[in-house]
Amino acid sequence: MAGRWIERWDPEDDTFWRETGERVARRNLFLSVFCEHVGFSVWSLWSVMVLFMGPGYGVDPAGKFFLISVATLVGALVRIPYTFAVARFGGRNWSVFSCLLLLVPAVAAWLAMEPGTSYTTFLLVAALAGVGGGNFASSMTNINAFFPLRKKGWALGLNAGGGNIGVPVVQLVGLLVIATAGATHPRIVLAVYIPLIVIAGLCAALGMDNLAPVRNDTGAAKEALRDAHTWIMAFLYLGTFGSFIGYSFAFGLVLQTQFGRTPLQAASLTFVGPLLGSVIRPVGGRLADVYGGARITLGNFAAMAAATGVVLYASVQKSLPVFLTGFIALFVLSGLGNGSTYKMIPGIFQAKALARGLSGEAAAAYGRRLSGAAMGFVGAVGALGGLAINLAFRQSFQTAGSGTAAFAAFLACYAACFTVTWAVYVRRPARTPVSAAPAPAYAEV
């Protein structure tokens, strides 16, 4: 797969961007969205499959939460190698391979989904679905290289938001199957996605490009890992994306387990939150472009804490309407925060470059170099937040029979994220006489 290689790529050059770059970048962006969308659908496949697992499967609610936790864990871990695969093999080439690789978990699920299959087999097949989570990291790293800094918030938000929509879409497909064929035909869902996987791989092969200037930089990776901001942003992204993916996987099971909804009733509600959270993610990126990512992220964590308070109250009072209101608000806010936090990453390293005295293309190159390396680690840690959420739900339901304890823990997490965002990126420390250089205006990133 020699692929189509672009030897020169300089999106910060206005003339190049206007005459050539924007058209090519947009084409790669929209095809990347499609590929990542299918990847997210496969990653979240088991949030749908568990709704089909009736008493005949012999798996209790705690076991179902653990199944989706395994898929979440693998999806988080593979994001790191996927980040570096783009520079090693080319964005187009890796998109083709990573799309077609999704056939493995889809076909495995087709073979496994029937009563009598051992729980160990289900665990292994759910783990295979985790490869779909890696598509996000490679896709975001690839698109980050195509766009200039001033457009990254919009581009990354659209890329991630379009991919995130894969979660509610597969859940909507599951709803349609349950509503029309019943809860005993999970293979119909897979019959929809296996052809889509092939189509996505073909589209990537025919329409995407490899950027020759993008190369793996082990020095950048080491420098990014040593930089405190990489880990701070990973913690914040754990609060936003971790919430989105964790809630997306667990929502249907919570409705079934805590509120006694049937598979059809749960499926009819499950897709709404992830859909709204996905659609609004580009808005978060756009607001961050205009008003500053740190300011939007700060307000977002405050709102997420308030929404969690509503959910906590509803959980105690066993009020389904209030619970749905608060939970869907959490989905919307997590999607908004996903866009604003990811926009912050390239801006932070650009600001650090300016604080070091770099300017122009040197500052832009430094920002691209470190932000590209940091994104993979930030995305991986953020996805681990989804694992933590599902394990928290599993423990809460196992010990108390409800999700109340888990929601209390989530509230504390959002309070911590708010505090860190304010202390590091929004608060303006007083200038001292010994300050040799102005501090970067992180609230603007």
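Visitor: Which residue takes a positive phi just after α18?

Guide: Gly 357 does, with a phi of about 95°. The model here is predicted, so to speak of a local feature we need pLDDT of at least 70, and side-chain atom pairs count only at 80 or more, while totals for chains, interfaces and linings use all residues. Residues are numbered from 1 along each chain as its sequence is written, and side-chain values use heavy atoms, with hydrogens and water left out.

Visitor: What makes α18 a helix?

Guide: A helix is a DSSP run of H or I with at least four residues, and a strand is a run of E with at least two, numbered from the N terminus. Helix α18 covers residues 320-355, which is 36 residues. The protein chain has 20 helices and two strands.

Visitor: How do you know that the span of α18 agrees with its number of residues?

Guide: The expected span is 1.5 Å times one less than the number of residues. For α18 that gives 52 Å, and the end C-alpha atoms are 51 Å apart, so the two agree.

Visitor: Where does α18 bend?

Guide: At Ile 345, by about 30°, with Pro 346 following within four residues. The bend is the angle between axes fitted to the seven residues ending there and the seven starting there.

Visitor: Why is α18 called largely enclosed?

Guide: Buried means under 20% relative accessible area, exposed over 50%, and partly exposed in between, using a 1.4 Å probe and protein chains only. In α18, 28 of the 36 residues are buried, so the rest of the structure largely encloses this helix. Across the protein chain, buried residues make up 57% of the 445.
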